[in-house]
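Student: I am new to this structure and would like to be led through it by questions. Could we take the cysteines before the rest?

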Amino acid sequence: GRPGADSGMDRNPRMPAPLAANGRLFHQGMNRLVALDAYNGAILWSLEIPAMQRVNLPRDAGNWCADDTSLYVAIRERCWMIGHSDGGLQRVFDLPEGFSRDMHDWGYVARKDNTLLGSVVKRNTSYTDFWGDYAWYDKTSGAGTEKVCSDALFAYDLPTGQLMWAWHNGLVINTTIAVGRQSVFFVESRNLSLKGAAARRLNDPLLWSDQHLVCLNAQTGEPLWDTPIDTADGIVVLYLACTDNAIVIVSS
């Protein structure tokens with residue numbers, strides 16, 4: 001059935017999964033965003049957005065999220081707030097001051113209560129290639145298994161559009177960012193050699209040598225606790241998930 005392969009992409013590049021919210025299903029295809037009625041599959045609207053592309057999600061954060069009325073989509077250095085009903089652009093959020101729009105992109109994106117959370121990645125760090133066998137991203141070492149890391153985390157107040165806080169200490173591993181009831185959790189590397197280098201796609205052994213598990217207050221950005229950890233080297237993948245009572249880290 002529609003939309004089918006015409007606006008879709010082969011599964012092997014590991015693109016972002018569809019989202020469902022308030023009776024609608026949202027699908028990312030080949031430079032295209034499609035909204036469908038969740039009950040009968042009718043296409044409600046679509047947008048062509050060439051800069052939206054992001055693949056190899058096992059090594060990066062997703063580039064969108066949704067609430068009951070809007071989508072929040074990371075497009076290069078901005079986050080677009082798009083209405084469910086008609087696909088209209090409701091608002092645009094920029095990266096915080098201090099990060100060049102020519103050199104950085106918006107990485108992680110999440111909606112929590114009245115807060116929009118994001119991260120700063122260096123330009124051209126996110127994976128976008130999807131043609132050819134090398135872009136299937138199913139290797140267990142080498143090219144394509146590097147983890148995307150962010151230079152900063154930040155939060156905006158949605159009603160006012162004001163920056164609430166920004167955290168920049170180590171290199172945040174995007175696949176480990178998780179938001180709980182009142183907190184934001186992540187693993188970051190504080191290795192000075194890696195932080196000073198230009199690369200932000202990393203599988204360097206140093207990435208696993210100076211790891212910290214960090215918990216921030218989601219409203220203020222204040223650190224609630226910070227502890228050194230030593231996981232198995234996440235050469236294939238490194239994930240973090242949280243519940244109200246526990247944190248789970250998977251390192252392979």
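Tutor: A disulfide is counted here as a pair of cysteine sulfur atoms within 2.5 Å. With that cut-off in hand, and keeping in mind that this is a predicted model, we can begin.

Student: How many disulfides does the structure hold?

Tutor: A disulfide is a covalent bond between the sulfur atoms of two cysteines. Take Cys79, whose nearest cysteine sulfur, that of Cys65, is 6.7 Å away, and Cys149, for which the nearest cysteine sulfur belongs to Cys242 and is 19 Å away. Neither Cys79 nor Cys149 is in a disulfide, and for the structure the count of disulfides is 0.

Student: Is Cys149 buried or exposed?

Tutor: The word buried is kept for residues under 20% relative accessible area. Because the relative accessibility of Cys149 is 0%, this cysteine counts as buried.

Student: Which residues of the largest nonpolar core touch the most other members?

Tutor: Several strands supply this core, and those giving two or more residues are E6 (70-75), E7 (78-83), E9 (104-112), E10 (115-122) and E12. Cys79, which we met among the cysteines, has a relative accessible area of 0% and is therefore buried. Out of the 16 residues in the core, the ones that touch the most other members are Tyr72, Cys79, Phe93, Trp106, Val109 and Leu116.

Student: Which element gives the largest share of this core?

Tutor: The strands that give two or more residues include E6, E7 and E12. The largest share amounts to 3 residues, and the element it comes from is E12.

Student: Which residues make up the contacts of Leu158, if its neighbours within four places in sequence are left aside?

Tutor: Leu158 sits in the loop that runs between strand E12 (152-157) and strand E13 (163-167), and because its relative accessibility is 9%, it counts as buried. Phe93, for its part, has Leu158 among its contacts, along with others including Trp106, Leu116 and Tyr156. Seen from Leu158, with those sequence neighbours left aside, the contacts are Tyr72, Arg91, Phe93, Arg111, Asp113, Asn114, Thr115 and Leu116.

Student: How many Å apart in space are Leu158 and Asp233?

Tutor: In sequence, 75 residues separate Leu158 from Asp233. Taken from C-alpha to C-alpha, their separation in space is 37 Å.

Student: Let us turn to charged side chains. How many Å, N to O, is the salt bridge of Glu48 and Arg32?

Tutor: Side chains of opposite charge can pair when their charged atoms come close. Glu48 belongs to strand E4 (residues 43-48) and Arg32 to strand E3 (residues 32-37), so this pair, 16 residues apart, links distant parts of the chain. Glu48 counts as exposed at 59% relative accessibility, whereas Arg32 is partly exposed at 24%. A salt bridge needs a nitrogen-to-oxygen distance within 4 Å, and for Glu48 and Arg32 that distance is 3.3 Å.

Student: Which residues are joined into one network by salt bridges that share partners?

Tutor: Consider two of the pairs, beginning with Lys112 and Asp113, whose side chains meet at 3.9 Å, N to O; Lys112 is buried at 17% relative accessible area, and Asp113 is partly exposed at 49%. The network that arises from shared partners joins Glu77, Arg78, Asp94, Asp105 and Arg123. Within it, Glu77 counts as buried at 11% relative accessibility and Arg78 is partly exposed at 33%, and the pair that meets in a salt bridge at 2.8 Å, N to O, is Glu77 and Arg78.

Student: Where does Tyr137 lie?

Tutor: The phi angle of Tyr137 is near 55°, a positive value in a residue other than glycine. With a relative accessible area of 8%, Tyr137 is buried. Its place in the chain is the loop between E10 and strand E11 (147-150).

Student: Which residues make the nonpolar surface patch of about 240 Å²?

Tutor: Patch members must have over 30% relative accessible area. Tyr239, found in strand E20 (residues 238-242), is partly exposed with a relative accessible area of 33%. The patch is made by Tyr239, Val248 and Val250.

Notes: Residues numbered from 1 in each chain as written. Predicted model: local features only at pLDDT ≥ 70, side-chain atom pairs only at ≥ 80, totals over all residues. Heavy atoms only, no water. Buried < 20%, exposed > 50% of the residue type's maximum accessible area, 1.4 Å probe, protein only. Patch = residues over 30% accessible without salt bridge, like charges linked within 9 Å, V, L, I, M, F, W, Y side chains within 5 Å. Areas by Shrake-Rupley, 256 points an atom, 1.4 Å probe, with all protein chains shown as cover. Helix = DSSP H or I, 4+ residues; strand = E, 2+ residues; numbered from the N terminus. Contact = heavy atoms within 4.5 Å. Core = buried A, V, L, I, M, F, W, Y, C linked by side-chain atoms within 4.5 Å.
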